[in-house]
Amino acid sequence: MGQNNLLNEKNEYEKNKMNSSNYKEINVENREKAAKEEINKWKNDAERFESYRKEWNKAANDNHLPDHPLHVDIELSDACNLRCKMCVHGLGTMKNVGFMDIGLAKKVIDQCVEIGVCSIKFNWRGEATLNKHIIEAIQYAKSQGILEVQINTNGFPPSEGALIECAKEGIDRIIFSIDGFSKETYEGTRIGGNYEKLLKNIHSLLDWKKELQRTKPFIRIQMVRTKENAHEIPKFIQYWQLLVDDVRISDVTDRGQGNSLSVGDQIAVGRRRCPQPFQRLTIGRDGRVSPCCSDWDQQYIVGNVNIENLSNIWNGQKMNNIRAVQNELKHDTVKICKDCYVKESYVWEKNENNGGD
């Protein structure tokens with residue numbers, strides 16, 4: 001990489017740092033290094049991927065609106081096979097769950113391709129692998145030219161080997177959520193999970209990659225930091241950092257359980273422009289579209305892909321209204337913004353009364 005590119009990267013990083021919400025993410029230095037190293041691993045698609053990520057950062061930190069969504073969440077399932085403490089499935093407030101029809105999923109993928117969307121994730125409020133068409137959806141998205149295809153998973157697909165099948169079909173990234181580094185802590189948070197089985201499933205995928213010398217899928221391991229697992233974070237990072245491409249630690253957010261699980265060493269003291277309405281669209285399994293992943297109850301519907309196209313939804317009045325709310329910092333005027341759990345929409349400070357470092 002040339003000196004000018006390195007200088008541009010440094011300037012972009014410093015600009016993003018100045019515009020950040022002051023949220024202190026654990027392991028951020030290693031994550032930034034891994035993100036830069038990953039670009040070259042995209043090989044023939046490296047330039048396109050780097051361009052996509054640069055516009056993603058620009059939309060997050062500048063008053064910049066891309067011509068189309070850079071990323072689209074396609075909810076293949078809002079059902080889940082775990083009952084985690086920090087999730088509405090665990091709280092019992094998620095009702096009438098189901099699965100997206102594969103025909104609708106393909107229709108959305110076609111529209112994404114048509115308008116130039118670079119990245120999709122087959123998730124929102126549930127476990128994507130529960131949809132029996134997950135493999136077909138991944139295969140179709142890659143065959144149609146979507147640059148980055150991803151899933152979040154709890155690591156318990158309904159059939160053994162399903163995650164390796166996802167890898168065989170060309171999925172680019174699999175993100176595992178693991179909220180602990182011991183059986184007791186993990187299973188006490190992710191109710192219904194089995195720690196030994198989870199580790200077996202992840203290592204089977206890692207062994208498959210190693211045996212075939214595959215770069216992809218990129219594997220991220222992430223933890224939601226709570227009072228109950230914070231003491232295990234150093235060992236968690238030390239173990240997984242040697243095995244996977246990315247390790248992320250995020251503070252728990254309030255999705256209906258209140259602040260009972262929060263460590264409390266950093267607190268929100270104000271609001272800032274949320275990047276999500278400038279970067280992405282979130283499509284529920286019924287085809288209704290929300291401006292962000294925080295609209296958990298689908299209270300702010302901006303369109304419906306059953307009867308509208310993504311381009312019109314992206315440029316529509318409802319999306320522009322929510323962007324104006326963010327640009328003018330009028331979060332309290334819209335319920336989903338007022339009650340938002342997305343950490344990037346807040347200004348954070350260290351909580352001196354809680355011994356934060």
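Hi everyone, this is a short tour of a cavity, a surface patch and some salt bridges in a predicted model.

Let's begin on the inside. How many cavities of 30 Å³ or more does a search of the whole structure find? The search finds one, and its volume is about 60 Å³. If you'd like to find the spot on your screens, look for Cys274, Pro277, Cys292, Ser294, Gln326, Ile336, Cys337 and Cys340, which line the cavity. Six of these lining residues are nonpolar, two are polar and none is charged.

Now out to the surface. Tyr239, Leu242 and Leu243 form a nonpolar patch there, and together they have about 310 Å² of accessible area. Tyr239 belongs to helix 10, residues 233-241, and is partly exposed, at 31% relative accessibility.

On to the charged side chains. The whole structure holds 26 salt bridges, and I'll show you a few. In one of them, Lys183 meets Glu196 at 2.9 Å, N to O. Lys183 sits in helix 8 (residues 183-189) and Glu196 in helix 9 (residues 195-212), so this pair ties together parts that are 13 residues apart in sequence. Both partners are partly exposed: Lys183 has a relative accessible area of 36%, and Glu196 comes in at 44%.

Next, Glu344 and Lys343 form a salt bridge, with their closest N and O atoms 3.1 Å apart. Are these two buried or exposed? Glu344 is partly exposed at 26%, whereas Lys343, at 12%, counts as buried.

Finally, there is a network: Glu25, Arg31, Arg220, Asp246 and Arg248 are joined by salt bridges that share partners. Thanks for listening!

Key. Residues are numbered from 1 along each chain as its sequence is written. This is a predicted model: local features need pLDDT of at least 70, side-chain atom pairs count only at pLDDT 80 or more; totals for chains, interfaces and linings use all residues. Side-chain values use heavy atoms; hydrogens and water are left out. On a 1 Å grid over the protein atoms alone, a cavity is a set of points where a 1.4 Å probe fits but cannot get out, and a pocket is an open set with protein on both sides within 12 Å along at least five of seven lines; lining residues have an atom within 4 Å of a point. Grid points are joined across faces, edges and corners, and a volume is the space filled by probe spheres set on the points. Ala, Val, Leu, Ile, Met, Phe, Trp, Tyr, Cys and Pro count as nonpolar, Asp, Glu, Lys and Arg as charged, and the others, Gly among them, as polar. Patches are made of residues with over 30% relative accessible area and no salt bridge: like charges are joined within 9 Å, nonpolar side chains (Val, Leu, Ile, Met, Phe, Trp, Tyr) within 5 Å. Accessible areas come from the Shrake-Rupley method with a 1.4 Å probe; for residues, only the protein chains shown count as cover. A salt bridge is a side-chain nitrogen of Lys or Arg within 4 Å of a carboxyl oxygen of Asp or Glu. Helices (H or I, at least four residues) and strands (E, at least two) are DSSP runs, numbered from the N terminus. Buried means under 20% relative accessible area, exposed over 50%, partly exposed in between (1.4 Å probe, protein chains only).
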